[in-house]
Amino acid sequence: MSDLKSLPLDGLHRELGGKMVPFAGYDMPVQYPAGVMKEHLHCRSHAGLFDVSHMGQVILRGSDYEAAALALESLVPVNAAGLGESRQRYGFFTNEQGGILDDLMFANRGDHIFMVVNAACKEADIAHLRAHLPANVTLQVIEDRALLALQGPEAEAVLAALNPAVAEMKFMDVATVDLGGAEAWISRSGYTGEDGFEISVPVDAAEALARKLLADDRVLPIGLGARDSLRLEAGLCLYGHDIDTGTSPVEAGLTWAIQKIRRSDGAREGGFPGADRILSELHNGAERARVGLKPQGRAPMREGVSLFAEADRETPIGCITSGGFGPTVEGPVAMGYVPIAFAAPGTVIYGEVRGKRLPVEVVALPFVPARFKR
Amino acid sequence: MKYTEDHEWLRVEDDLIVVGITEHASTSLGDVVFVELPEVGTMVAKGDEIVVIESVKAASDIAAPIDGEIVEVNDAIVDEPGKVNEDPLGEAWFFKLKVDDVSVINDYLDEDAYNALVD
């Protein structure tokens, strides 16, 4: 346990009554005294503050943005070079088998790329980038910045009280703004399905900023528990669960993130690890798909629950990769992989919970409609 | 009221033993979202896992504290699992057991002993 790293706001989490648990090598708040349910619902109706400083922040620099972006494109099946200035995009590192090494957000910040990667993968991502980037592209790991997320329908009003300029930003815009004297790199994005911001600030300014945001009555601190239920209702993948080295982006339903220019007959077709499989699956379809799953009863179906075509079949057809209770849905929600023949919304299959086969309906994702500021 | 080391409370009511979970257990579980109770008429043995309780965080089981017969279950907590967090010691009892001799309850922890266990 002594290897556990502390977040820059560790003291504040404890002061707020956060229940700390180990996660991705960090001691992190899983919930505060309000509890997962109230935190979740508060974030959907007001605003929630998340400390996501465990995530990796990385800068890539080349001779200009395009040079860095083209280098990144050798590792991600995404149009990075064509991303507009002050815009952010979702992507993923793929492996030679067409699986996913990690998913990430990256932004065009004028003369460089700023990216945010998953905590559990960040060491491997950095090694992967270092091993494959050309010599004229440099990688800088940002260790002196915290990362906060302010999410929810009142996030804009709360943050605009500190700097009105943020209200002008649209979904997936990025900007550098002054927040109470600190230089903040912000994006209008998040991991909840709600409007909101992710805010990278110098570590020494992070606590003051967090306290200012929490002083607003509209804001509650939100732990990892509600972060998970919010993203699950939003139909967003959790790396290591819904996507991993064994799932291709096509199976995972992430084809929307692979722009035409990187597909067959695009101007920069292929040229990323696993392109053979991924381009082929884009054209021919994958054998299985990630789907939304709505258990028809009240019992939650969690990660690892086996799925069956009929209540009495012996061989499972798939498995749940994320599942639990959705506080906004007011019932159990899950995601998992099934063969294409079972992937159509409305298909009823069976999940095995404590030895019982219970019906579960394949549904379209997300469970809760996104409310981004387009 | 008496307590088990598994964070259940027991009390005698009309020659039956009523069983629920403690405040400490309900707080540790977090928001309860699903409860599955045994069927009335089931004969249970001490240690049998007879209740499933799921919170937003995880699933757990509750074991029968004593040998006996389930003679009544509280369907209200199946319909509204949140009651387990709101009133674990009162309204949110789980089941009533018919046992040979209700004085068996005296073998369990008293309040001071239970509090010492959870502190």
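**Reading the labels on a predicted model**

Q: What is the strand order of the open sheet of three strands in chain A?
A: The order is β1-β3-β2, and the pairing is mixed. Strands here are DSSP runs of E with at least two residues, while helices are runs of H or I with at least four residues; both are numbered from the N terminus. The edge strands are β1 (5-6) and β2 (19-23) of chain A, each pairing on one side only.

Q: What should I keep in mind about the model and its labels?
A: This is a predicted model, in which local features need pLDDT of at least 70 and side-chain atom pairs count only at pLDDT 80 or more, while totals for chains, interfaces and linings use all residues. Residues are numbered from 1 along each chain as its sequence is written, and chains are lettered from A and ligands numbered from 1 in the order in which they are written.

Q: How do you know that β2(A) pairs with strand β3 of chain A?
A: Two strands pair if DSSP finds at least two bridges between them. Five bridges join β2(A) to β3 (residues 26-31), so the condition is met. These two strands run antiparallel, and A:V21 stands opposite A:M28 in β3(A). In general, strands of a sheet pair through backbone hydrogen bonds, either parallel or antiparallel.

Q: Which helix lies across β2 and β3 of chain A, and at what angle to β3(A)?
A: That is α7(A), running at about 70° to β3(A). The angle is taken between N-to-C directions on a scale from 0 to 180 degrees, with axes fitted to C-alpha atoms and, for helices, over the stretch in contact.

Q: Why does A:E198 count as buried?
A: A residue is buried if 20 or more other C-beta atoms lie within 10 Å of its own, exposed if 12 or fewer, and partly exposed in between, with C-beta atoms placed from the backbone. A:E198 has 24 such neighbours, so it is buried. A:E198 sits in strand β13 (residues 196-202) of chain A. The UniProt annotation "binding site", from an unreviewed entry, covers A:E198; UniProt positions follow the numbering used here, feature names are shortened, and annotations may be inferred rather than shown by experiment.

Q: What does A:E198 touch, and what makes that a contact?
A: Two residues are in contact if their C-beta atoms, placed from the backbone, lie within 7 Å. Leaving out residues up to four places away in sequence, A:E198 touches residues including A:L147, A:I186 and A:G190.

Q: Is A:L129 buried or exposed, and how do you know?
A: A:L129 has 20 C-beta neighbours in range, so this residue of helix α4 (residues 122-132) counts as buried. Its C-alpha atom is 10.0 Å from that of A:S74, 55 residues apart along the chain.

Q: What makes A:D242 buried?
A: A:D242 has 25 other C-beta atoms within the counting radius, so it meets the rule. A:D242 is found in the loop between α7 and α8 (275-284) of chain A. Among its contacts beyond four places in sequence are A:C237, A:R290 and A:M335. A:D242 and A:R290 are 48 residues apart in sequence, yet 7.9 Å apart from C-alpha to C-alpha.

Q: How do you know whether the radius of gyration of chain A agrees with a compact globule?
A: The rule, for a radius taken over C-alpha atoms, is 2.2 Å times the number of residues to the power 0.38. For 374 residues this gives a value near 21 Å, and chain A has 21 Å, so the two agree. The C-alpha trace spans about 65 × 50 × 45 Å along its principal axes, and 49% of the residues count as buried.

Q: Why is A:S86 called partly exposed?
A: A:S86 has 16 other C-beta atoms in range, so it falls in the middle class. A:S86 lies in the loop between α3 (65-73) and β6 (88-94) of chain A, and its phi is near 65°, a positive value in a residue other than glycine.

Q: Is B:D15 buried or exposed, and how do you know?
A: B:D15 has 9 C-beta neighbours in range, so it counts as exposed. B:D15 lies in the loop between β2 (8-13) and β3 (16-21) of chain B, and its phi is also near 65°.

Q: What makes the peptide bond from A:L365 to A:P366 cis?
A: Its omega is near 0°. A:P366 lies in the segment after β20 (356-363) of chain A. Most residues other than glycine have a negative phi, and most peptide bonds are trans.
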